[in-house]
Amino acid sequence: MPLVEIFARKCMAKPIPLSSLQASMCKIWGTTPETTKLILSRVEDWTTSGLQDEDCYVSIRAKGTEQRTREIVLDGMKQVSDAFSTHDLVANVRLETYEGARYFHVPPPMKK
């Protein structure tokens with residue numbers, strides 16, 4: 001399950017269209033909305049990276065697979081940045097992978 005945490009300053013007025021970005025993430029990573037969670041957190045402030053000041057800091061956790069080679073992940077990260085750019089957002093993107101055997105998830109019960 002890719003987990004996409006998006007951090008944005010509270011004072012930023014630009015909209016962050018989560019549904020549209022989720023669709024882009026699913027297309028980029030070959031996943032579905034049921035397994036791709038986007039979480040938006042508004043923060044007071046952050047330190048700058050010394051580069052172009054970003055609108056969003058995007059932190060992605062995804063399962064490491066044989067197909068997700070370094071080259072494919074780096075290309076996917078560029079596509080993530082481009083997806084934000086189509087909404088006039090400058091994103092600073094980071095991604096970390098994890099081993100599937102070390103991942104645990106307990107979803108809430110299904111509604112009856």
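**View 1. Strands β1 and β3 are joined in the antiparallel sense by six bridges.** This is a predicted model, in which local features need pLDDT of at least 70 and side-chain atom pairs count only at pLDDT 80 or more, while totals for chains, interfaces and linings use all residues. Residues are numbered from 1 along each chain as its sequence is written, and side-chain values use heavy atoms, with hydrogens and water left out. Helices (H or I, at least four residues) and strands (E, at least two) are DSSP runs numbered from the N terminus, and two strands are said to pair if DSSP finds at least two bridges between them. On its other pairing, β1 (residues 3–9) runs parallel to β2, with seven bridges between the two strands.

**View 2. The open sheet is built from four strands in the order β2-β1-β3-β4, with mixed pairing.** The edges are formed by β2 (37–43) and β4 (91–98), each of which pairs on one side only. From one strand to the next, the twist averages 15°, where axes are lines fitted to C-alpha atoms (for helices over the stretch in contact) and angles run from 0 to 180 degrees between N-to-C directions.

**View 3. Helices α1 and α2 both meet strands of the sheet.** Helix α1 (residues 18–29) packs on the sheet and touches β1, β2, β3 (56–63) and β4, where contact means heavy atoms within 4.5 Å. The direction of α1 makes about 130° with that of β2. Helix α2 (residues 70–85) lies across β1, β3 and β4, and runs at about 145° to β4. Together, β1, α1 and β2 make a right-handed β-α-β unit; right-handed here means that, with the strands pointing away from the viewer, the path from the first strand over the helix to the second runs clockwise.

**View 4. Val4, in strand β1, has bridge partners in two strands.** Its bridge partner in β2 is Leu38, and its bridge partner in β3 is Ile60. Val4 is buried, because its relative accessible area is 1%, and the cut-offs are under 20% for buried, over 50% for exposed and in between for partly exposed (1.4 Å probe, protein chains only). Leaving aside residues up to four places away in sequence, Val4 touches Met25, Lys37, Leu38, Ile39, Val58, Ser59 and Ile60. Although Val4 and Arg61 are 57 residues apart in sequence, their C-alpha atoms are 6.7 Å apart in space.

**View 5. Arg9 lies in strand β1 and makes a side-chain contact with Asp45.** Is Arg9 buried or exposed? Arg9 counts as buried because its relative accessible area is 14%. The side chains of Arg9 and Asp45 make a polar contact at 2.9 Å, a term for a pair of N or O atoms within 3.5 Å; within protein, one atom must be able to donate a hydrogen and the other to accept it, and residues adjacent in sequence count only if both atoms are side-chain atoms. In β2, Val43 is the bridge partner of Arg9, and Ala8 stands opposite Arg42 in that strand. When residues up to four places away in sequence are not counted, those touched by Arg9 include Trp46, Asp53, Glu54 and Asp55.

**View 6. Trp29 lies in helix α1 and is buried, at 11% relative accessibility.** Beyond residues up to four places away in sequence, Trp29 touches Ile60, Arg68, Ile72, Val73, Gly76, Met77, Val80 and Leu95. Trp29 and Val58, which are 29 residues apart in sequence, lie 15 Å apart in space, C-alpha to C-alpha.

**View 7. Cys11 and Cys56 are not bonded to each other, because their sulfur atoms are 12 Å apart.** A search of the whole structure finds zero disulfides, a disulfide being a pair of cysteine sulfur atoms within 2.5 Å. Cys11 is exposed, with a relative accessible area of 64%, whereas Cys56 is buried at 0% relative accessibility.

**View 8. Asp88 is found in the loop between α2 and β4.** The phi angle of Asp88 is near 60°, a positive value in a residue other than glycine. With a relative accessible area of 54%, Asp88 is exposed.
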